[in-house]
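Work through the exercises below with the sequence and coordinates open. Each task is followed by a solution in steps.

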Amino acid sequence: MTERSVDVIVIGAGIGGLAAAIDLAAAGRAVRVLEAAPRPGGKAGVVTLDGVEVDTGPSVLTLPDVFAALLERAGRRLADELTLRRPEPCFRYVYADGAQLDVHHDLGATLASVRATLGPAAAGELEGFLAYARGIWEAAAPVFVYGDAPNLPNLFGLGLGVLLGMTRVDPLSTMRRAIHHRVRSPHLRQLLERYATYNGSDVRSAPATLNCIAHVELALGGYGVQGGMVEVVRALVRAAEGLGVEIQCDTRVRRVRVDRGAVVGVEADDDTWHPAGQVVCNAEVAHLVEALLPRSARSGIRVDGAPSTSGVNAIVRARRTGDRVAHTVLFPDDYEAEFADLFDRDRPPSAPSVYLCAQEPCHGRSGWADDEPVFLMANAPAEPARGAQDPRLAEALLERALERARGAGLLAPADAVLWRRSPADLAARFPGSRGALYGAASNDPAAAFRRPPNAAPRIRGLYVASGSAHPGGGIPRAALSGRAAARAALGVAAKGS
């Protein structure tokens, strides 16, 4: 059966696909989104457990201005669509030596907390480091985050001022070296090194440019969203449908059809044919290249680089205590050993750091009568390129993480684990990902230049928008990837930010 022709087919209703659909529809294009899952959202997923809806994906919203600008394209205001929350404290870091450090939404309150917990010297170190991180962000963001996919020729085309500014991004040092050069406090070092895991990279080899993540979260702020992170997805769906975008769920795309070097539409698993002159793929780039495109099609899209980390996850029905903070991180005694396990030995950490998000204080969600939903995560390597990892390794890692949380008094032995997910589960849900959460890892200075661009170099009308394409993984960057794909489809140059 042939469906009505549209201007653009978007494969996937994740954050990037919805963002692309909004921009394209706002420009007057007829857009149809085909989503394999029963609901939109991609990695920003939800599940209902014992009658309570909980988030299963990202738990912190950064750079809300990205979504304000996107919603504005649809004639909507962020304040009308989403209620952002500033939980206090925002993060609690619990160290192996018993120290606890609270981080707040307001940077001044965070510095005061560091001063009270770790001393005035540590507070001064953090303040100085964040000034350095801000300089990286201001130089790098217009090119590597908000702009089109970077390459050396277009970098030189940006002018001498931009090129001189690039010296501030510190690309030839590593995150760890730059942190240790500026910060002596071992507690702050661990906190800052953890930001490498925000895009699944190795702090020992990732370029120091990524230290800008500390500025984004600690200075610009990490927010909760009233009702859960899924409300971001729902707001984007409302905006897209308000512009006339068709969203079809339970429709898995089988093939992107290419004729004479140009896309002509897509075939779905239900044998429907969707003709269109442009296709935006909001799926893993590897899945597009290896499964969706005909073998004879030469897209010019390179899929290389080691995958970012994956993770084991659980949702725990935890007895309500009244003293949980929005986000808690338990550090191991030897944090560097975790990176060695993940990247040198390609195995789950023997002593993992553990992240917990209490969804009631974070997102104002309503749990059960006496219990609250707590999301737990520990980092794990992605699945092997061939074959599968022994599932017992992921199970053992999750049990170690749960035991650490129980030992810290954050969970009780009687608290029930209602849902769990392994890297293999993620790999099955997101084909081509190997379970990696952020596409390729950023473990060398050239990583940003190797990310697939948002327009296929050799196939007219084909665009990519996902965390595995430019500018990378995470909620705001996935949205920016969708917007970059839409710009390319519309033939509009990036303005930066």
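Two rings of Phe, Tyr or Trp count as a pair if their centres lie within 6.5 Å; planes under 30 degrees apart are called stacked, and planes over 60 degrees apart edge-to-face. The model used here is predicted.

**Exercise 1. Aromatic pairs**

Find how many aromatic pairs the structure holds, then classify the pair of Tyr 95 and Phe 331.

Step 1. The number of aromatic pairs is 9.

Step 2. For Tyr 95 and Phe 331 the ring centres are 5.2 Å apart and the planes make an angle of 25°, a stacked pair.

Step 3. Tyr 95 belongs to the loop between strands S6 (91-94) and S7 (100-103), and Phe 331 to the loop between strand S14 (327-330) and helix H13 (335-344), so this contact ties together parts that are 236 residues apart in sequence.

Step 4. Both Tyr 95 and Phe 331 are buried.

Step 5. Tyr 195 and Tyr 198 also pair, with 5.0 Å between centres and 75° between planes, and this pair is edge-to-face. Tyr 195 has a relative accessible area of 1% and is buried, whereas Tyr 198 is partly exposed at 24%.

Step 6. Ring pairs also build a cluster, whose members are Phe 91, Tyr 93, Tyr 95, Phe 331, Tyr 335 and Phe 339.

**Exercise 2. Charges over rings**

Identify the ring under the charged end of Lys 43, and the ring whose face Arg 257 covers.

Step 1. The ring under the charged end of Lys 43 is that of Phe 430, with 4.5 Å to the ring centre.

Step 2. Arg 257 is placed over the face of Trp 273, and the distance to the ring centre is 4.0 Å.

**Exercise 3. Cysteines**

Count the disulfides, taking a disulfide to be a pair of cysteine sulfur atoms within 2.5 Å.

Step 1. For Cys 212, the closest cysteine sulfur is in Cys 90 at 18 Å, which is too far for a bond.

Step 2. For Cys 357, the closest cysteine sulfur is in Cys 362 at 3.9 Å, and this too is too far for a bond.

Step 3. The count of disulfides is 0.

Step 4. As for accessibility, Cys 212 is buried with a relative accessible area of 10%, and Cys 357 is buried with 0%.

**Exercise 4. Helix crossings**

Describe how helix H5 (residues 120-145) crosses helix H8 (residues 175-182). Then treat the pairs H5 with H10 and H8 with H9.

Step 1. The axes of H5 and H8 come within 10 Å and cross at roughly 135°. H5 and H8 are therefore oblique to each other, and the crossing is right-handed.

Step 2. H5 packs against helix H10 (residues 212-220) with the axes 8 Å apart and an angle of about 110°. Angles from 65 to 115 degrees count as roughly perpendicular, so H5 is roughly perpendicular to H10. H5 passes H10 in a left-handed crossing.

Step 3. H8 and helix H9 (residues 186-193) have axes that come within 10 Å and cross at roughly 150°. Angles over 145 degrees count as roughly antiparallel, so that label applies to H8 and H9. The crossing of H8 and H9 is right-handed.

**Exercise 5. Backbone geometry**

Which peptide bond has omega near -10°, and which has omega near 0°? Then locate Asp 170 and Arg 260 and give phi for each.

Step 1. Omega is near -10° for the peptide bond from Glu 88 to Pro 89, which is cis. Pro 89 is placed in the loop between strand S5 (84-85) and S6.

Step 2. Omega is near 0° for the peptide bond from His 470 to Pro 471, also cis. Pro 471 is in the loop between strand S18 (462-464) and helix H18 (475-490).

Step 3. Asp 170, in the loop between helix H7 (160-165) and H8, has phi near 55°, a positive value in a residue other than glycine.

Step 4. Arg 260 also has positive phi, near 55°. Arg 260 is in the loop between strand S10 (253-259) and strand S11 (262-268) and is exposed, with a relative accessible area of 76%.

**Exercise 6. One residue in a helix**

Is Leu 402 buried or exposed? Locate Leu 402 and give the C-alpha separation from Val 6.

Step 1. Leu 402 is part of helix H15 (residues 391-407).

Step 2. The relative accessibility of Leu 402 is 1%, and the residue counts as buried.

Step 3. Leu 402 and Val 6 are 396 residues apart along the chain, and 49 Å separates their C-alpha atoms.

Methods: Residues numbered from 1 in each chain as written. Predicted model: local features only at pLDDT ≥ 70, side-chain atom pairs only at ≥ 80, totals over all residues. Heavy atoms only, no water. Phe/Tyr/Trp six-rings, centres within 6.5 Å; stacked < 30°, edge-to-face > 60°. Helix = DSSP H or I, 4+ residues; strand = E, 2+ residues; numbered from the N terminus. Buried < 20%, exposed > 50% of the residue type's maximum accessible area, 1.4 Å probe, protein only. Lys NZ or Arg CZ within 6 Å of the ring centre and 35° of its normal. Axes fitted to C-alpha atoms, helices over the stretch in contact; angles between N-to-C directions. Parallel < 35°, antiparallel > 145°, perpendicular 65-115°, else oblique. Left-handed = near helix turned anticlockwise from the far one by under 90°.
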